[in-house]
Each structure stands twice: as structure tokens, then as C-alpha cells.
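Colleague: I am new to this one and would like to know what stands behind the words people use for it. Could we look at it together?

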Amino acid sequence: MDNLITRRRRGELWIGAVILVVLILLPLPIADAYTRNLIIISILFAGLAQAWNILGGYCGQISLGHSLYFGIGAYVSTLLFVRLGVPPLVGMFAGGLIGGLIALLVGWPCFRLSGHYYAIATVVVAEIGYLLFLNWDFVGGAMGVYIPFKGDSWVALQFRTQKLPYHYLVLAFATATWIAAWVIEGSRWGFSWRAVKDDVIAARSLGVRVFPSKMAAAAISGFFTGMGGAIYAQYVGYIDPDSTMNGQLAILIALPAVLGGVGTLWGPFLGAAVLTPLSELSRSYLGGSGRGVDLMLYGLVIVVVALARPAGLVSLFGIRRRPKGVADGSPA
Amino acid sequence: MLRLEDVSASYRGLRALQGVSLEVGKGEIVAVVGANGAGKSTLLKAISGQVATEGAIDFEGQDLRRIRPHQIARLGVNLVPEGRRLFPRLSVEDNLRLGAYAKRGDPDRFKPLDLVFSLFPRLQERLAQRAETLSGGEQQMLAIGRALMTQPRLLMLDEPSQGIMPRLVDDILAAIVRIRGLGVTILLVEQRLAEALEIADRAYVLQTGRVVMSGAARDIAGNADVRRAYLGI
Amino acid sequence: MTAMVFQVAIGGLLMGLIYALVAAGLSLIFGLMDIVNFAHGELMMLAMFAAFVIWQYAGLDPLMMLPIVAILLFGLGVLIYRGLIARALSVNFNRGMVQIFVTFGLAIFIRGAAQFVFGGEFKSINTGWLAGRTAEIAGVYLPLPQVAASFVCLAAFAGLLLISRTEFGRALEATREDRDAVALIGIDRDHIFALGWGLGAATVGVAGVMLAGFYYVAPNVGANFALIAYVTVALGGFGSLLGALVAGVLIGEVEAITAAVLEPSLKQVGVFGIYMIVLMVRPRGLFGKL
């Protein structure tokens with residue numbers, strides 16, 4: 001049994017390596033900026049969804065407020081760069097750390113809530129953050145912050161015309177989230193978190209310390225989400241509360257993980273590979289002049305996938321992380 | 001009236017019934033006995049449509065396996081479930097009246113109330129109380145009362161004596177006999193072997209999901225080997 | 001000074017009653033079947049557009065069209081349950097998330113559909129019996145459409161209370177307490193759930209019509225009200241009618257006071273702050289049942 005698991009886990013590493021090589025080579029033959037941008041955004045959201053998955057999937061805490069950590073990360077690295085000249089390559093980690101810290105601060109009160117109470121509390125906390133940033137002049141208020149261009153540089157993570165460096169930056173980010181998820185899956189923590197997810201009371205009786213488990217998951221998840229926000233800020237060169245902290249963003253982060261397959265290694269990536277291009281393409285081809293067709297299509301896809309593939313798109317490939325216990329499948 | 005043929009069912013991933021065949025005739029009291037985990041409760045759940053089954057479950061010519069649970073209840077096949085499953089925050093009266101909810105439009109639908117009160121006078125004293133405030137025995141009476149309000153033709157009881165003071169067990173068994181006297185067929189699942197076999201006409205002995213013996217209740221009660229081999233007494 | 005205090009208090013109360021009714025519909029559905037309807041704001045938005053269309057083409061006053069829109073929304077609620085939610089309930093994997101995201105996808109779809117049909121610009125109902133009128137009592141101004149809306153909200157609450165006293169209301173409560181046991185006494189829980197959705201949608205529909213009498217109508221109007229509704233429901237306690245009423249008024253007042261004392265753009269920060277504080281003390285909300 002143990003052998004089977006280690007063999008499967010090694011197999012996943014191989015699959016990951018192959019996909020990584022494909023993604024490294026992918027942009028080379030693609031010249032046009034639009035497609036490259038699409039791929040970059042998709043990979044960024046793959047990483048963000050994986051970050052969400054660490055808390056929402058493995059630990060079962062459905063956060064609908066990850067936009068907060070994303071925005072915090074974006075603001076921290078940007079302000080460090082603009083005000084203090086700290087290079088974003090460092091600021092990215094600072095953004096991640098503050099994002100993780102904020103996730104701990106949010107978790108402290110919210111993890112005492114369960115189910116829908118928790119989900120709604122996360123929405124509210126994120127909304128408070130959004131409103132505060134909107135009215136806080138020090139961070140640019142509703143006007144946002146422009147990031148001045150100081151020349152192509154890997155330290156400042158700025159490239160005027162090239163997309164390729166950003167491609168490798170987001171790819172490194174997504175790979176880091178994947179490795180984190182892979183390590184967690186095989187660790188004691190992963191075991192504890194899954195126990196918390198399935199049945200809190202049973203988890204306690206197994207000696208799992210529930211609250212610290214949730215906090216650890218939140219910190220890791222918040223860290224990567226904040227990091228993603230910092231990368232995003234450098235990529236677009238301008239941030240404001242609407243583009244980095246909007247409640248809608250929290251859904252865009254969670255959605256690929258949920259529809260791809262929560263609590264799975266590949267679900268968030270698969271979900272992002274399908275949903276992000278769908279959302280971006282439908283917006284550019286159908287969404288012009290605000291006609292709403294893009295939203296209808298997007299909403300429809302969400303509903304259909306959620307109902308037809310409740311275990312996520314990964315189930316199409318026959319990948320089931322583990323047999324489900326009675327927690328989800330109890331008879332009516 | 002009720003005929004099960006080669007019925008199998010799984011409950012929580014375990015094969016709880018394996019090829020059970022059983023028959024209940026009109027007006028009978030049939031007892032199903034057996035040790036813990038023998039599949040007795042699953043049997044009743046299968047009949048009332050709460051677990052997926054294979055095989056055939058026929059009630060007066062209708063295949064119950066094709067009918068949704070609430071429609072089975074409307075046919076007159078009613079279960080007083082394990083754990084009673086009352087509506088704890090509703091009053092005793094509301095619990096009883098809801099038993100007749102499916103018969104809205106029938107002016108006589110609350111008539112069985114008289115029967116319930118004559119069987120269990122205590123309930124009448126507690127009408128305004130919340131169901132959750134009743135004692136175990138009273139809750140069992142209320143559960144039976146609620147089932148009677150649906151005007152059942154086949155009443156199934158899952159361990160009616162469970163968690164009840166011994167003195168009240170006799171009351172409840174006596175009530176079951178009286179209910180049969182009114183023409184209601186009874187299928188009774190019990191762990192208390194002696195009491196169940198005393199009021200039953202026929203009995204089935206279940207062990208690990210199979211019927212291992214059936215016959216007149218008196219014969220089974222008198223067979224010491226059966227008791228030792230299958231019932232662990 | 002006193003007039004100003006009263007003005008703020010009245011303003012909070014009038015808005016708070018609308019919040020309360022929007023929340024009541026949400027709470028009803030949640031309490032019944034443990035599902036948070038993330039398309040709730042969009043149902044309200046649809047009711048507002050229905051009111052707008054009826055006003056534009058038939059010239060009916062919002063008060064007159066209440067029953068029509070309520071029935072339309074009731075039907076829509078039943079349809080949503082039968083078409084989507086019943087399916088979401090029957091999945092046996094990942095049920096909690098499926099429910100959240102099915103209603104979420106529905107919300108996005110409805111918003112897109114409204115934008116497709118009506119366009120994105122703001123609309124408003126600006127003629128009618130009460131439109132634009134105010135009354136003045138001792139220096140306190142009362143916008144009449146909002147006053148009428150408040151009375152309708154109170155009436156709707158009374159209506160919901162009456163329904164809960166009927167036999168159907170008892171069946172709702174029974175289904176809420178034990179959704180599997182009701183089948184044993186011949187109650188079809190799908191039927192009850194569908195009616196519950198209808199009732200919840202009709203409730204928010206009534207709120208939407210009255211809101212349309214004095215508020216702008218646009219595809220994205222629902223989102224903000226929905227957020228406040230979630231907070232109201234969580235604050236009052238999921239499933240509690242009284243909780244929704246008290247919390248709605250409380251939120252209206254806190255919002256009005258924050259706007260007056262601090263700054264209008266921060267009004268919701270006050271609301272969310274109060275919510276967080278209450279949740280710290282009482283995680284189940286003010287009137288939440290366990």
C-alpha cells in the first residue's frame with residue numbers, strides 16, 4: 001500500500017516535470033502578444049487557484065475572500081518599490097509574507113465559525129479591506145498607484161515590451177504552488193488537514209489540533225496568494241482597489257480550483273487552463289459594448305460543470321485522489 | 001400483503017442484506033429478530049425506500065422499489081424509525097397533525113387523533129409541549145402516534161422498546177397489539193426477543209443480512225438452539 | 001440638532017427595513033435547506049427590472065404591481081429549485097461547494113442576461129403616485145416612496161409570520177428539522193423545498209419592487225444588496241425571521257450613523273465592523289438556532 005502511494009507520488013512528479021517542460025517551450029513558437037498574455041494570465045490564475053486549494057481544498061475552508069491577500073501582496077510590493085525603492089524581486093516575498101500574516105489575522109476570528117458563517121465572514125473581511133483601501137489616501141485611494149518604469153530588469157521585474165520573462169516568472173510561481181501542494185499531500189500536515197476537512201470532531205479524536213491546522217493552511221495559502229498579487233502588479237504596472245481587491249476576484253481565484261477539482265493536485269491547474277482562457281476570450285469576442293453574452297456563457301459553464309462534474313474536471317481523467325469516505329456519500 | 005424476494009441492500013458501504021425473502025400477510029404481526037448488526041433496520045429502510053436495493057419488494061401488487069419514499073408512505077406503508085425522528089422544535093400537536101399533512105383536502109384526516117389519545121393518554125396532556133421535551137417513552141408514543149395519523153395499513157416499527165423504561169415497554173407493546181386489532185398489519189423489529197415473540201404471530205430470524213430461520217413465533221421462542229446459535233442469548 | 005438626529009435615525013430605519021426583507025428571503029431558503037443562494041441579489045435585480053418594464057409599458061405604480069412581480073418571482077424560485085438546486089442536492093461528492101458555485105454561476109448568468117436585454121446603464125422609475133414626494137414632520141423629511149416601502153416590508157414580514165403559522169409553515173419547519181423523516185409521513189420534501197424557494201424569491205421580489213420606486217435599476221444593483229443581505233442573515237442568525245428583521249434595522253441604522261459621523265463612502269465599513277464584533281461574541285448570530 002505504502003509502495004503504491006510513493007510510486008504514484010513519484011509518477012506525479014514526472015507528469016509535473018513533463019508539463020513544466022511543455023510550458024517552458026510553449027511560448028517560443030507563439031509570437032503574438034495577445035496569446036502570450038492569455039497564457040500568462042492563465043498560468044498566474046493556475047498558481048492562485050492552487051494557493052486557494054491549499055486552504056479551500058486540502059483543509060476544506062471555503063474562503064471567498066482571497067482577493068484580500070492578493071491585493072495586499074500587490075500593494076505591499078508596489079509601495080515598497082515606489083516609496084522605498086525596494087526591488088520587487090524582494091518585494092514579492094514581502095508581499096507574500098504580509099499576505100500570509102493577514103491570512104492569519106483573518107483566520108484568528110473566522111476559523112471559529114463553521115460552514116456558511118465562515119464563507120460569508122471571509123467575504124466581509126475582504127470587503128472591509130477593499131473599502132479601506134478605496135478611502136485610504138496614503139495608498140492612492142480609488143486612484144490607485146502607477147508603477148514607474150525604470151528599465152528592463154529581473155530585479156525590478158519590469159520588461160517594457162517582452163512577455164517572455166513574465167511567462168517564466170508566473171510559471172515559476174505556479175510551479176512553487178504545485179510543489180507546495182505536492183509536499184503537503186504527502187506530509188503529516190496534509191493528513192491532518194484532510195481530517196479537519198472531512199470531520200472536525202473525528203479529527204480531534206485522532207489528536208489533530210484543528211485550529212493550528214487551519215491557521216497553517218491559511219498562512220501558506222495567503223503567502224502564495226500575496227505573492228501572486230505582487231507579480232500581477234509588476235505585470236500590469238498599475239494597481240487600484242478595483243483591479244486587485246474586488247470581491248469578484250476572490251471568486252476568480254477559487255473557481256478554477258472548485259471546478260477543476262478541489263483537494264487535488266491537478267484540479268486547480270486544469271480548471272485555470274479551461275476557465276481563464278474561456279473568460280478572457282469570451283470577454284474579448286463577445287463582451288464588447290457590455291452586451292453580457294460573455295457573462296451568460298461564463299455563468300452557464302460554471303453551472304454545468306459544477307452539476308455535471310461535482311468532483312471537478314479532473315474526474316474526466318479518472319484521477320481520484322483518494323476514495324471518499326462516508327462524509328460526503330452518506331445515503332439520504 | 002407485503003412480499004420481499006431476494007432483496008439485497010448496502011448501507012454505508014456494507015452489504016447489510018443478502019437475498020432476503022420475507023412475507024407479511026394482512027392482519028399479521030410479524031417480528032424480525034436478530035443480533036445487533038444483523039440487518040434488521042436496513043430491512044425496514046429498504047421497504048420504506050430509504051436505501052437502494054436489488055430484488056423485488058411487492059406491496060399489494062406495487063413494486064415499492066420504483067416508488068419514491070414519500071409515495072410509499074402515502075400508500076399506507078409507514079415506518080416508525082430508529083431514533084424516532086420526531087420534529088424536536090415543533091409541539092406534540094404539530095408533530096401529530098403533520099402526520100396527516102399529505103391527506104390535505106380530506107376533511108376526516110384528523111380523525112385518528114382520537115385513536116392516538118385513547119392509546120396514549122399522556123400525549124393529550126402534553127399537546128403544547130415541544131417534542132424534544134418529552135421523555136424517551138413519550139417520544140416513542142408520539143412517533144407511533146404520528147405514524148398512525150397517516151392512517152397506515154402496514155405499520156413498521158424499528159426497535160420501539162429502545163431506550164425506554166421497562167414499565168413503558170409493556171404499554172407500548174400492548175398498544176401495538178391494539179393497533180393490530182384495528183386491522184393494521186404490523187412488521188416489528190426488536191432486540192428484546194421474548195417480548196417481541198410473545199405478541200408476534202410469525203417471526204424471521206436475521207443473521208448477517210440473511211434469513212436463517214422463520215416460522216411461528218411460538219416455535220422460535222421455544223427453540224433453545226435457535227436462541228443460542230443466532231441470537232446470542 | 002434633534003431634527004438631524006431624527007433624520008439620520010429615520011433614514012437608517014427606512015433603508016434597514018428593505019435590507020431586512022431582502023435578508024428574510026435569503027434566510028428562509030438557508031434555514032430550510034442549508035443552502036446560501038448567491039444569486040439572491042440577482043433575483044432582486046430581476047424584480048426591479050420587472051417593475052421597471054411593467055411601469056414603462058403598462059404605467060402601473062409599483063404598489064399596484066406588487067402581486068404580479070411576487071408571483072413571477074415565486075415561479076422563478078420554483079423553477080430554479082427544480083432545474084438546478086434539486087440536482088445540486090443530489091450530487092454525492094463535494095456537495096457544499098457545488099451548491100455555492102451553482103448559485104454563483106446562476107448569478108453571473110442572470111447578470112449577463114440582464115445586461116444583454118436591458119444594457120448596462122442606470123434606469124429609474126420616476127413617475128407614480130409617490131415618486132419624488134416627501135413629507136415633512138417637525139423638520140424631518142420623509143421620502144414617501146421609502147415610507148411606503150417600509151410599510152410594505154413590515155406587511156411582508158407579517159405575511160411570512162402568518163405563513164409560518166399555517167399547516168404549510170409547520171411542514172416547512174418539519175422539513176427544516178429533519179428532511180429525511182418527512183418522507184416517512186408522506187411529505188414530498190422536493191415539493192416543500194420548491195415552495196420554499198418560491199417563497200424566498202417572492203419575498204426578495206417584493207423588496208425589489210419597492211426599492212425600484214426610489215433606487216436606480218441596473219444589472220449590477222443586486223451585488224451590493226446581496227452582500228448586505230448575507231451580513232444581515234449571518235448577523236441575525238441563519239434561518240431566523242426575527243433575526244433578519246432586527247439585524248436589518250440594526251444595519252440600516254449603523255450605516256446611516258457611520259455615513260453621518262464619518263463619511264458616506266465608509267458607511268459599509270461601520271456595518272461590517274459591527275458584524276465582525278457580533279460574530280466574535282456570538283458566532284451563531286443574534287437569533288441563530290444551533
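Modeller: Gladly. A residue is called buried if 20 or more other C-beta atoms lie within 10 Å of its own, exposed if 12 or fewer, and partly exposed in between, with C-beta atoms placed from the backbone. By that count, buried residues make up 57% of the 290 residues in chain C. This is a predicted model, where local features need pLDDT of at least 70 and side-chain atom pairs count only at pLDDT 80 or more, while totals for chains, interfaces and linings use all residues. Residues are numbered from 1 along each chain as its sequence is written, and chains are lettered from A and ligands numbered from 1 in the order in which they are written.

Colleague: What makes the radius of gyration of chain C agree with a compact globule?

Modeller: The radius is taken over C-alpha atoms, and the globule rule is 2.2 Å times the number of residues to the power 0.38. For 290 residues the rule gives a value near 19 Å, and chain C has 19 Å, so the two agree. Its C-alpha atoms fill a box of roughly 60 × 50 × 35 Å along the principal axes.

Colleague: Why is strand E3 of chain B called mostly covered?

Modeller: Strands are DSSP runs of E with at least two residues, helices are runs of H or I with at least four, and both are numbered from the N terminus. E3(B) spans residues 29-33, and 5 of its 5 residues are buried. Ile29(B), Ala31(B) and Val33(B) point one way, Val30(B) and Val32(B) the other. In a regular strand the side chains alternate between the two faces of the sheet.

Colleague: How do you know that E3(B) pairs with E8(B)?

Modeller: Two strands pair if DSSP finds at least two bridges between them. E3(B) and E8(B), residues 185-190, have 5 bridges in the parallel sense, so they meet that rule. Ile29(B) stands opposite Ile186(B) there. E3(B) is also joined by 4 bridges to the parallel strand E9(B), residues 202-207, where Ala31(B) has Ala203(B) as its bridge partner.

Colleague: What makes two residues of chains C and A count as in contact, and how many take part?

Modeller: Their C-beta atoms, placed from the backbone, must lie within 7 Å. The contact takes 42 residues from chain C and 38 residues from chain A. On the chain C side, H4(C), residues 95-118, gives the largest share, 17 residues.
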